[in-house]
Amino acid sequence: MPHVFSRSLPNTFTTDVLVVGSGSAGATAAITAAGEGVRVALVERYGFMGGISTQVLDTFYGFYTPGEPRQKVVGGVPDRVVDALMGHGAALIRPNTYGAGDGITYDPDILKIVWETLARQAGVRLLYHTFVLDALVEDGRVCGVVAANKSGLLALRARVVIDASGDADVAAAAGAPFEGPADGPVQSLTTTFKMVNVDMERALKVTKKDLHALMAEAIASGRYDLPRKEGSIHITPVDGMMATNMTRVGDVDATDAEQLTHAEIEGRRQALAYASFLRDRVPGYEHAAMTGLSHQIGVRESRRIHGEYRLSRADVLAARDFDDAIARCGAPIEEHHAGGDTRWEYLPTGSTYGIPFRCLLPRGVDGLLVAGRCLSADHDAHASVRSMGQCMAMGQAAGVAAGLAVHSGSTPREIDVATLRDRLIGLGAVL
Ligand SMILES: Cc1cc2nc3c(=O)[nH]c(=O)nc-3n(C[C@H](O)[C@H](O)[C@H](O)COP(=O)(O)OP(=O)(O)OC[C@H]3O[C@@H](n4cnc5c(N)ncnc54)[C@H](O)[C@@H]3O)c2cc1C
């Protein structure tokens with residue numbers, strides 16, 4: 001994004017830590033940073049928190065390693081999110097049949113309430129319906145952002161900014177290097193939807209193998225356009241409701257609004273085709289109806305920053321550890337490329353790798369941290385590290401790091417990483 005806002009803007013507010021984006025990473029970053037005793041504001045373009053966790057999905061992966069015995073590799077503030085969902089009776093642990101490890105499946109509408117309850121209890125200042133357009137940069141240091149909402153243009157100033165926009169919008173605007181769709185393949189996009197009024201007794205007898213065989217038959221009949229041949233469907237905490245991950249729109253640059261517009265339209269078109277397939281051909285769905293299309297098409301991958309370290313495919317598959325690890329991951333590489341199938345590659349059973357703090361530090365700019373799916377990683381490493389459990393864990397680390405930087409009057413790059421790790425362990429993080 002170009003720096004077009006040269007005229008002075010009303011200085012709407014100044015805070016210690018400004019978090020851009022309220023997805024799994026940004027929400028956890030804001031809640032954690034506020035718990036560190038600094039003033040925190042959170043800016044979000046939609047009217048609710050959660051990002052993909054509430055816009056598109058209903059299952060946290062990454063908390064547990066795949067295989068037996070499972071290990072829990074995420075803890076601290078993310079546990080409080082899960083506990084609150086469980087307290088509402090709105091979540092269940094679901095064994096994953098596709099190899100990502102056990103998931104925590106929840107009701108996304110209750111999660112919207114959980115996120116904002118935790119944020120408000122922590123004292124986070126929330127600003128919804130506000131889109132961040134540009135970064136304010138002085139002497140190579142990010143000192144805020146320019147945003148827009150119905151009141152006009154706003155300048156939001158902060159001592160530390162956490163870019164949790166998923167698309168690295170602030171980092172890119174500040175001139176930090178990144179790679180994205182122009183530099184190589186990125187994963188395909190998915191519109192999710194739900195089916196209600198499902199006859200659960202009969203639907204649950206349909207195995208993954210049965211479903212894929214029925215899909216193959218439907219495609220062969222020539223009556224259905226189903227691009228993904230391995231789409232999945234799973235139970236939810238609501239009786240008679242099943243959730244899908246079936247559609248696939250490939251080769252899209254999600255930072256290009258025109259391409260994203262076409263993807264939204266294509267995603268919904270495909271959703272209708274998959275819903276027809278389910279109703280016509282899958283036992284238990286004869287009287288089911290499609291509902292709950294994702295608020296927007298789900299974007300798995302767009303910009304990935306170039307940070308002080310770039311997590312690599314080799315690091316993932318070798319289960320490498322790092323002195324500055326701020327979170328852990330045991331999830332396989334799960335790559336949804338354009339085409340009918342999905343590529344899975346596993347770590348050695350039961351092993352995990354560390355996520356270095358340096359992956360959250362964009363090269364060449366100060367005052368800025370990133371957290372979540374825009375971290376510094378190559379395409380394959382990203383396909384492992386992007387689960388919401390890890391995004392929350394990265395957010396937690398960014399929140400503590402921002403708090404340390406504010407308290408010590410330094411930049412995130414200058415904080416003492418041993419102190420960061422100690423504080424994370426104190427919060428319950430698994431390192
Ligand atoms: C289809 C799909 C299926 C997936 N399946 C799973 C799964 O089952 N389980 C799992 O654990 N992971 C899954 N993943 C991966 C995971 O959901 C994401 O990697 C993770 O949610 C990313 O979190 P985030 O906080 O980094 O970004 P996001 O969740 O993308 O959050 C970014 C936030 O920033 C806001 N924002 C963006 N730009 C701006 C701006 N300029 N100004 C203001 N606000 C802005 C957005 O509205 C959003 O709230 C899936 C992803 C997709 C797309």
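**Close-ups of a ligand site and two sheets**

**View 1. Here is where the ligand meets the protein.** A backbone N or O atom of Thr59 sits 2.8 Å from a nitrogen atom of the ligand. Keep in mind as you look around that this is a predicted model. Tyr61 also uses its backbone: one of its N or O atoms there is 2.9 Å from an oxygen atom of the ligand. Glu44 brings in its side chain instead, with an N or O atom 2.6 Å from a ligand oxygen. On its own the ligand would expose 1000 Å², and the protein buries 97% of that.

**View 2. Now meet the residues around the ligand.** The ligand has 33 residues surrounding it. The closest are Glu44, Arg45, Thr59, Arg386 and Met388. Sort the shell by class and you get 12 nonpolar, 15 polar and six charged residues. Which elements give two or more residues to the shell around the ligand? They are α1 (24-35), α2 (52-55), β3, β7 (131-138) and α11 (388-408).

**View 3. This one shows an open sheet of three strands.** Read across the sheet and the order is β3-β5-β4, with antiparallel pairing. The edge strands, β3 (59-60) and β4 (91-94), each pair on one side only. Strand β5 covers residues 103-106, and two bridges join β3 to this antiparallel partner. Want a pair to look for? Find Phe60, then its bridge partner Ile104 in β5. You've come across β3 already: this strand is one of the elements that give two or more residues to the ligand's shell.

**View 4. Here's an open sheet made of four strands.** Its order is β12-β13-β11-β14, and the pairing is again antiparallel. Why do β12 (232-235) and β14 (289-291) each have one side without a neighbour in the sheet? Both stand at the edges with a single partner strand, so there is no neighbour on one side of each. Going from one strand to the next, the twist averages 30 degrees.

**View 5. Last stop: β11, β14 and the helix that packs on their sheet.** Strand β11 (residues 194-196) pairs with β14 in the antiparallel sense, over three bridges. To spot the pairing, start at Lys194, whose bridge partner in β14 is Thr291. Helix α8, residues 257-281, packs on this sheet and touches β11, β12, β13 (242-245) and β14. Follow the helix along and compare its direction with that of β14: the two make an angle of about 150 degrees.

Definitions and conventions:
Residues are numbered from 1 along each chain as its sequence is written. This is a predicted model: local features need pLDDT of at least 70, side-chain atom pairs count only at pLDDT 80 or more; totals for chains, interfaces and linings use all residues. Side-chain values use heavy atoms; hydrogens and water are left out. Two strands pair if DSSP finds at least two bridges between them. A residue is near a molecule or strand if one of its heavy atoms lies within 4 Å of it. A polar contact is a pair of N or O atoms within 3.5 Å; within protein, one must be able to donate a hydrogen and the other to accept it, and residues adjacent in sequence count only if both atoms are side-chain atoms. Accessible areas come from the Shrake-Rupley method with a 1.4 Å probe; for residues, only the protein chains shown count as cover. Ala, Val, Leu, Ile, Met, Phe, Trp, Tyr, Cys and Pro count as nonpolar, Asp, Glu, Lys and Arg as charged, and the others, Gly among them, as polar. Axes are lines fitted to C-alpha atoms, for helices over the stretch in contact, and angles run from 0 to 180 degrees between N-to-C directions. Contact means heavy atoms within 4.5 Å.
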